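Hi,

Here is the structure I said I would pass on. Have a look at it first, then read my notes underneath.

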Amino acid sequence: MDIFRTKSVEQSIRDTEAPEHRLRKRLTAVDLTVFGIGVIVGTGIFVLTGQVAKQTAGPAVALSFVVAGVVCGLAALCYAEFASTIPVAGSAYTFSFATLGEFPAWVIGWDLMLEMALAAAVVAVGWSGYFASLMNSIGVHLPDAIAGENPVVNAPAMIIVLILTVILVAGIKLSSRVNLVIVTIKVAVILLVIVAGLFFVKAANYSPFIPPAQATPAVAGLKAPLIQVLFGVTPVAYGVIGVFSAAAVVFFAFIGFDVVATAAEETINPQRDLPRGIIGSLAICTVLYVAVSLVVVGMQRYDQLSIKAPLADAFTAVGQHWAAALISIGAIAGLTTVVMILMLGQTRVLFAMCRDGLLPRPMAKVHPRFGTPARLTVIIGVVSALLAGFISLSELAELVNIGTLFAFVVVSAGVIILRRTRPDLPRAFRTPFVPVLPILSVLACLYLMLNLPIETWLRFLIWMIVGSVLYFAYGYGHSRAARTDSSAT
């Protein structure tokens, strides 16, 4: 059983020319950068800032964002080389197929399903919370059964997912235009938060900047970071350890720059524009995150921050209710683009897997009018809507982090492998300091993974076992690579 058969870069590129599977090239470097900002700036800046400051890192949450940003930056340089060398839909799945083989590629594709589909549903639920809050502020009270803390069915979350599904089916350029408008709104709101918040910052709120380490219920039992358990350290929050534990959580805030790579096949000049889009969006968002976190913990003492809506509530605490309402609008705009682009990335990964025969190939057919994988988009939209509407996903959000970090490990290692196996390939962008930088990326990602809770690792292993069973039950026998091998012999 040759489960490590690879797919050549040349074959991957040839597959993009098949008429029934050809995506339209419409995107520029600006579109890609805006896509990156659109998906990165969302839950992390509007929700996680207060949660991790209050429970894990204190005012030093800004350092946690820096750590997570550096780890993502290392991985981004590796992604940039791959995306410009293999400008094909599928992101880490496609890169893995070219370097590690079919089964590792399947594992990464299955892993990316976990990352993007689950993340889209999680963010849609967050969108619903802000939407209900905004409606309440203008006197419209939505019933608890459809938009409360524990609704029977989360109707707003389902509706926004289905609306975005229609936009994604209608074409990549329309999606990018909608994204541009909404990203402009939310970045303007974030800049307002930074500037207006500076007037209410109190130096006393930064002391102590790194609170003393202490045991808390938030890190007890299966919620304890794996690395602390492995090395026999009493699980604690705050302190230097808390800063790194928080970095593993706020990493969720940076998820998205890798989605830019999934749009490689729809980029006009991928060799030039993909590295710009990936690295540019990540750099802009890191600066915004650090600035906002410093302002928020300066406005309100970290142990008094709200977990549900920290930015809005920080302004409410200083009597600026107008800003709180404006922040809710910005959050709604921000989370809208996050859901849309995560769904976009998910469909492109599945599109690549279906085109390779690892999943039913007819689902990869491109719509003749819109030039998008319409069938897959509708399937992803319906599944995401059902997840957001009926399942409480708050405890599963950390699964998204471990799935993404695992993909980053594989991509970083893949850069070294492809440099050795195919040194002849033209590379428009070359990751600097190979193999040192990719090795650092692998180690940094593994370290953040070890800072995630034990229960997250257990769920991740179960998901991977299910995916492996599905591969051997269907993917292995239907793989186009297997048929190619058999015809060659």
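Below is what turned up, going from one long helix to its surroundings and then to the loops. One thing to keep in mind throughout: this is a predicted model.

**Helix α6**

I'd start with α6, which runs over residues 102-137. Its 36 residues reach 52 Å from the first C-alpha to the last, close to the 52 Å expected at 1.5 Å a residue. Don't look for much of this helix on the surface: 29 of its 36 residues are buried. Past its end you come to Gly 139, where phi is positive, near 90°.

**A pocket that α6 helps to line**

The second largest pocket has a volume of about 280 Å³. Its lining counts 15 residues, and those nearest the centre are Met 113, Leu 114, Ala 117, Leu 387 and Trp 463. Which elements give two or more residues to this lining? They are α6, α15, α16 (374-390) and α19 (454-478). Of these, α16 provides the largest share, with five residues. By class, the pocket lining splits into 12 nonpolar residues, two polar ones and one charged.

**Aromatic rings**

If you like ring pairs, there is plenty to click through: a search of the whole structure finds 18 aromatic pairs. One of them is Tyr 79 with Phe 408, an edge-to-face pair with 5.5 Å centre to centre and 75° between the planes. Tyr 79 sits in helix α4 (residues 61-85) and Phe 408 in helix α17 (residues 397-421), so this pair ties together parts that are 329 residues apart in sequence. Are the two partners buried or exposed? Tyr 79 counts as buried, at 0% relative accessibility, and Phe 408 is buried too, with a relative accessible area of 1%.

Then there is Phe 103 with Phe 472. Their ring centres are 5.5 Å apart and the planes meet at 35°, so this pair is tilted. Again distant parts of the chain are linked, with Phe 103 in helix α6 and Phe 472 in helix α19, 369 residues apart. Here Phe 103 is buried, with a relative accessible area of 16%, while Phe 472 is partly exposed at 42%. Both belong to a cluster linked by ring pairs, along with Trp 106, Trp 110, Trp 463, Tyr 471 and Tyr 476. Trp 463 is worth a second look, as it is also one of the residues nearest the centre of the pocket above.

**Cavities and helix α15**

There are three cavities of 30 Å³ or more in the structure. The second largest cavity has a volume of about 50 Å³. Its lining is made up of Lys 7, Ser 12, Asp 15, Val 88, Tyr 93, Thr 94, Ala 352, Arg 355 and Asp 356. Helices α1 (9-15), α5 (92-99) and α15 (321-355) each supply at least two of the lining residues. By class, this lining has three nonpolar, two polar and four charged residues.

While you are on α15, find Thr 347, which lies in that helix. Thr 347 is buried, with a relative accessible area of 1%. A polar atom of its side chain lies 2.7 Å from the backbone oxygen of Leu 344.

**Odd spots in the backbone**

Most residues other than glycine have a negative phi, and most peptide bonds are trans. Here are some places to check against that.

- Ser 207 and Pro 208 are joined by a cis peptide bond, with omega about -5°; Pro 208 is in the loop between α9 (172-198) and α10 (226-230).
- Val 434 to Pro 435 is also a cis peptide bond, with omega near 10°; Pro 435 is in the loop between α17 and α18 (436-450).
- Phe 433 is not a glycine, yet has a positive phi of about 55°. This residue is in the loop between α17 and α18, and at 66% relative accessibility Phe 433 counts as exposed.
- Tyr 238, not a glycine either, has a positive phi of about 65°. Look for Tyr 238 in the loop between α10 and α11 (239-250); with a relative accessible area of 8%, Tyr 238 is buried.

Happy browsing!

Methods:
Residues numbered from 1 in each chain as written. Predicted model: local features only at pLDDT ≥ 70, side-chain atom pairs only at ≥ 80, totals over all residues. Heavy atoms only, no water. 1 Å grid on protein atoms, 1.4 Å probe; cavity = no way out; pocket = protein on both sides within 12 Å on 5 of 7 lines; lining within 4 Å. Points joined across faces, edges and corners; volume = space filled by probe spheres on them. Helix = DSSP H or I, 4+ residues; strand = E, 2+ residues; numbered from the N terminus. Nonpolar A, V, L, I, M, F, W, Y, C, P; charged D, E, K, R; others polar. Expected span 1.5 Å × (residues − 1). Buried < 20%, exposed > 50% of the residue type's maximum accessible area, 1.4 Å probe, protein only. Phe/Tyr/Trp six-rings, centres within 6.5 Å; stacked < 30°, edge-to-face > 60°. Polar contact = N/O pair within 3.5 Å; in protein donor to acceptor, adjacent residues only side chain to side chain.
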